[in-house]
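Let's take a friendly walk through a protein model together. Have the structure open beside you and look for each feature as we come to it.

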Amino acid sequence: MLPILSALVDLVLPTRCAACEGPRRVEEPAPWCAACAAGLPKGLFPLTNPPDPLRGAWVYASYGGPVGAAIRRGKYGQDEAALQGLALVMAEASRGRLPRLDVVVPVPQRLSASLKRGFMPTAILAAAVAKALNVPLRHALRRQGGQAQAGLNAEARRENLAAAFDARGPLVEGRVLLIDDVITTGSTAASCARELLCAGAKEVHLLAAASAR
Ligand SMILES: [Zn+2]
C-alpha cells in the first residue's frame, strides 16, 4: 500500500497494538501502543556462551514479549511496517553497546520466503542497525536451497544448514555483525559465521532481535 494511503487508513481505522491487540492511535510508536512500547528493553542482553565460532552474541528481547509479537506480525502478517518499527527501537538500543565493527550483514532468508513476502525481515533490521552504528551494510551472504529450519530436530538442522549459506562478492574483511530476527539454537548464525570467516572476516558477532531459547 502507498504510504499516504496507509496513513489515511490508519486515521480511519485505528490499528491494533501488535502485543496487547488493544487499539493503537496513529501517534503511538508502531507497531505497539504507548503502554507496550514503554516496556521495551532499552539495551541489549549479551549471550554468555555464543555458539562457536561466534565471538560475541547479543539479543534485544525475548520472543515471548512485544518484540516477538512485532516479528510475528511482520513475518506472518506480511506487515513490513511492524518490522520497520522494531528495527528503529532495536537500532537505538544497540547504540554504544557493541564492540567496534566494520560491517553489518543480515542473515539471508530463503528466496522463496522473501519473494512471497516482498521483503526480507533481517534486511530491514540490519539496515537500521547499520545506520545507527554508522557502519556499512553488506548483503554478503546468500542462502541456497535447504528447507525451512522450523520443525527439524537439532541433527537435521545442522545437516540442513551445512550447505545452506554461501558468501558472495569480494572478501568480507574485519569485524562483522550478523543480524538475525530470532535466535533459537544459534546454529543458523554459527553456519553464517563459518562462511564469513572463510571469506576473510576477522571476527563475527551476532545481534538477534529476539531469543526463543
Ligand atoms: Zn499494547
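Start with two helices: H4 passes H6 in a right-handed crossing. Keep in mind that this is a predicted model. The axes of H4 and helix H6 (residues 121-133) come within 8 Å and cross at roughly 35°. Which residues of H4 meet H6? On the H4 side they include Leu-83, Leu-86, Ala-87 and Met-90, and their partners in H6 include Ile-124, Leu-125, Ala-128 and Val-129. Sorted by kind, the residues of this contact of H4 with H6 are twelve nonpolar, two polar and one charged.

H4 has another neighbour to look at. Helix H3 (residues 66-76) and helix H4 (residues 80-94) have axes that come within 7 Å and cross at roughly 145°. Here the crossing of H3 past H4 is left-handed. From H3, the contact uses Val-67, Ala-70, Ile-71, Arg-73, Gly-74 and Lys-75, while H4 brings Ala-82, Leu-83 and Leu-86. Six of the residues in the contact of H3 with H4 are nonpolar, one is polar and two are charged.

Now step back to see the whole chain. The protein chain has eight helices and nine strands. Of its 213 residues, 50% are buried. Consider the contacts between residues at least 6 apart in sequence: 71% of them join residues at least 24 apart.

Next, find the metal. Which residues coordinate the zinc ion? They are Cys-17, Cys-20, Cys-33 and Cys-36, each through its SG atom, at 2.3 Å. The angles among the four donor atoms run from 105 to 116°, and the site is tetrahedral. Along the chain, the donors follow the spacing C-x2-C-x12-C-x2-C. Is Cys-17 buried or exposed? Cys-17 counts as buried because its relative accessibility is 0%. Cys-20, at 44% relative accessibility, counts as partly exposed.

Some features of the backbone also deserve a look. The peptide bond from Ala-30 to Pro-31 is cis, with omega near 5°, and Pro-31 is found in the loop between strand E2 (23-24) and helix H2 (34-38). The bond from Asp-52 to Pro-53 is cis as well, again with omega near 5°. Pro-53 lies in the loop between strand E3 (45-46) and strand E4 (56-62).

Pro-53 leads us to Ala-190, a residue of helix H8 (residues 187-198). Leaving out residues up to four places away in sequence, Ala-190 touches Pro-51, Asp-52 and Pro-53. How far apart are Ala-190 and Pro-51 in space? Their C-alpha atoms are 6.2 Å apart, although 139 residues separate them in sequence. Ala-190 is buried, with a relative accessible area of 4%.

Two residues other than glycine have a positive phi: Glu-21, at about 65°, and Asn-134, near 60°. Glu-21 lies in the loop between strand E1 (15-16) and E2, whereas Asn-134 lies in the loop between H6 and E6. Arg-138 is also in the loop between H6 and strand E6 (141-143). The C-alpha atoms of Arg-138 and Val-176 are separated by 9.8 Å, with their positions 38 residues apart along the chain.

The table gathers the accessibility of some of these loop residues.

| Residue | Relative accessibility | Class |
|---|---|---|
| Glu-21 | 54% | exposed |
| Asn-134 | 71% | exposed |
| Arg-138 | 26% | partly exposed |

Methods. Residues numbered from 1 in each chain as written. Predicted model: local features only at pLDDT ≥ 70, side-chain atom pairs only at ≥ 80, totals over all residues. Heavy atoms only, no water. Donors = N, O, S within 2.8 Å, 3.2 Å for Na, K, Ca; no water. Tetrahedral: all angles 85-135°; square planar, octahedral: opposite > 155°, others 65-115°. Buried < 20%, exposed > 50% of the residue type's maximum accessible area, 1.4 Å probe, protein only. Axes fitted to C-alpha atoms, helices over the stretch in contact; angles between N-to-C directions. Helix = DSSP H or I, 4+ residues; strand = E, 2+ residues; numbered from the N terminus. Left-handed = near helix turned anticlockwise from the far one by under 90°. Contact = heavy atoms within 4.5 Å. Nonpolar A, V, L, I, M, F, W, Y, C, P; charged D, E, K, R; others polar.
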